[in-house]
Amino acid sequence: MKPLVRNAALNGYVQLAESLGIDAHTLMRGMGLAPGDLTRQDRWIPGIAVAQLLEVSAATAHREDFGLLLARRRRFSNLGPISLVAREEPTVRDVLALLIRHEDTYNEMLHGRLDEAEGRATLRVGLELGRPMAARQATELAVGVFHHVLREVLGDRWQPIAVCFTHGAPSELDTHRRVFGPAVEFGREFNGIVLRAADLDAPNPQSDPLLHAYAREYFESVTEVREAALPDRVRELIEVLLPTGRCSIEEVARSLGVDRRTVHRRLASAGETFSSLLNATRAQLAEQLVANERRSLTEISLLLGFSAPSGFSRWFREQFGCSPRAWRAQRAVCAAPVPK
């Protein structure tokens, strides 16, 4: 499985690209990404495509700090529903633990780890792309976002002991020093942030103990697709996606904000499969559409997601025991009024 990220990972990308004089829409389409989909922040897109887009954008704009510039445009809310819970966690330690434990709810590429030793805490930030490739910009974006989260809780005057990157230093350090302060280091053995262990126990000034339980309850409700309701939601999405020719389990999973394995698992627990729901939904729609004589069979085949009428005819015969034309004729005879 290729890791996915929420569309929100590219929040502010178009505006940043245009401010640097590069064509954001053309670059996105070149990576197989649809610019219009960015308004749907909870939709999932391939993480590799995002990482490649950032690298190409940095090269096109001649800005080695592209990922970090994008991180500066981030808001806490860009993390999605988990940001509502994180704001109510009582300490910095709790905030980081929540974001690491549930990182798959906003970025499947991301793998964070928090270690403590000798009065220091090290937040290691890793990216697993599924194959070897350059990811300097995506790495700096991820570290920059975590740095922003820490600043949100600890205050603008907080400074880390060090911000570390495994890659080499850029030719210009102005943006990195402006964002991270003087403690940014390159050519280190890990990517991440080193802070004082005591910082982890600092209280979160945004936290409201009365809202904490409600925030957790809300987070669970929006991140867990209820197993009992999932088949109905899948059927609805199949109906919407069939006419587009893009009705696949991957597309359905992205629309639900989960991965395809989760859809498979939860449908199985309800005694269903994606194929069975697709076929049943198609059959139900076919009965309605073929009965309508104003629609041509070619039009109906497209509405049901078939690339050619011949494929539709073969499928229809397997389901109903006759051709759609014969079925329509029989239906018309049955529906004709009985002469008095």
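Helices α6 and α7 are roughly antiparallel to each other in this predicted model, because their axes cross at roughly 150° and an angle over 145 degrees is counted in that class. The two helices span residues 92-101 in the case of α6 and residues 136-154 in the case of α7, and their axes come within 10 Å. The crossing of this pair is right-handed. On the side of α6 the contact is made by Val-92, Val-95, Leu-96 and Leu-99, and these meet Phe-146, Val-149, Leu-150, Val-153 and Leu-154 of α7. In terms of residue class, the contact of α6 with α7 comprises nine nonpolar residues, with no polar and no charged residues.

A further packing partner of α7 is helix α3, formed by residues 47-61, whose axis comes within 7 Å of that of α7 and crosses it at roughly 105°. The helices α3 and α7 are therefore roughly perpendicular to each other, since the class in question covers angles of 65 to 115 degrees. From α3, the residues Ala-51, Leu-54, Glu-55 and Ala-58 take part in the contact, while α7 contributes Arg-136, Gln-137, Ala-138 and Leu-141. The residues of this contact of α3 with α7 divide into five nonpolar, one polar and two charged.

The helices α6 and α7 also pack against strands. Five strands form an open sheet, in which the order is β3-β4-β7-β5-β6 and the pairing is mixed. The edges of this sheet are occupied by β3 and by β6 (184-185), each of which pairs on one side only. Helix α6 lies across β3 and β4, and its direction runs at about 145° to β3. Helix α7 likewise packs on the sheet, where it touches β3, β4, β5 (162-164) and β7, and its direction makes about 145° with that of β4.

Within the sheet, strand β3 (residues 110-117) and strand β4 (residues 120-127) run antiparallel and are joined by eight bridges. These two strands form a hairpin with two residues between them, and Glu-118, which lies in the turn, has a positive phi of about 55°. Beside the turn, Ala-117 has Arg-120 in β4 as its bridge partner, and further along the hairpin Leu-114 stands opposite Leu-123 of β4. Strand β4 is also paired in the antiparallel sense with strand β7 (residues 192-196), in this case over five bridges. Along this second pairing, the bridge partner of Ala-121 in β7 is Leu-195, whereas that of Leu-123 is Ile-193. Leu-123 of β4 is thus placed opposite Leu-114 on the one hand and is bridged to Ile-193 of β7 on the other.

Apart from the sheet and its helices, the surroundings of one loop residue were examined. Ser-323 is found in the loop between α16 (309-320) and α17 (324-335). The side chain of Ser-323 reaches the backbone nitrogen of Ala-326 at a distance of 3.1 Å. When residues up to four places away in sequence are not counted, Ser-323 touches Phe-316 and Arg-317.

Definitions and conventions. Residues are numbered from 1 along each chain as its sequence is written. This is a predicted model: local features need pLDDT of at least 70, side-chain atom pairs count only at pLDDT 80 or more; totals for chains, interfaces and linings use all residues. Side-chain values use heavy atoms; hydrogens and water are left out. Two strands pair if DSSP finds at least two bridges between them. Helices (H or I, at least four residues) and strands (E, at least two) are DSSP runs, numbered from the N terminus. Axes are lines fitted to C-alpha atoms, for helices over the stretch in contact, and angles run from 0 to 180 degrees between N-to-C directions. Angles under 35 degrees count as roughly parallel, over 145 as roughly antiparallel, 65 to 115 as roughly perpendicular and the rest as oblique. A crossing is left-handed if the near helix is turned anticlockwise from the far one by less than a right angle, and right-handed if clockwise. Contact means heavy atoms within 4.5 Å. Ala, Val, Leu, Ile, Met, Phe, Trp, Tyr, Cys and Pro count as nonpolar, Asp, Glu, Lys and Arg as charged, and the others, Gly among them, as polar. A polar contact is a pair of N or O atoms within 3.5 Å; within protein, one must be able to donate a hydrogen and the other to accept it, and residues adjacent in sequence count only if both atoms are side-chain atoms.
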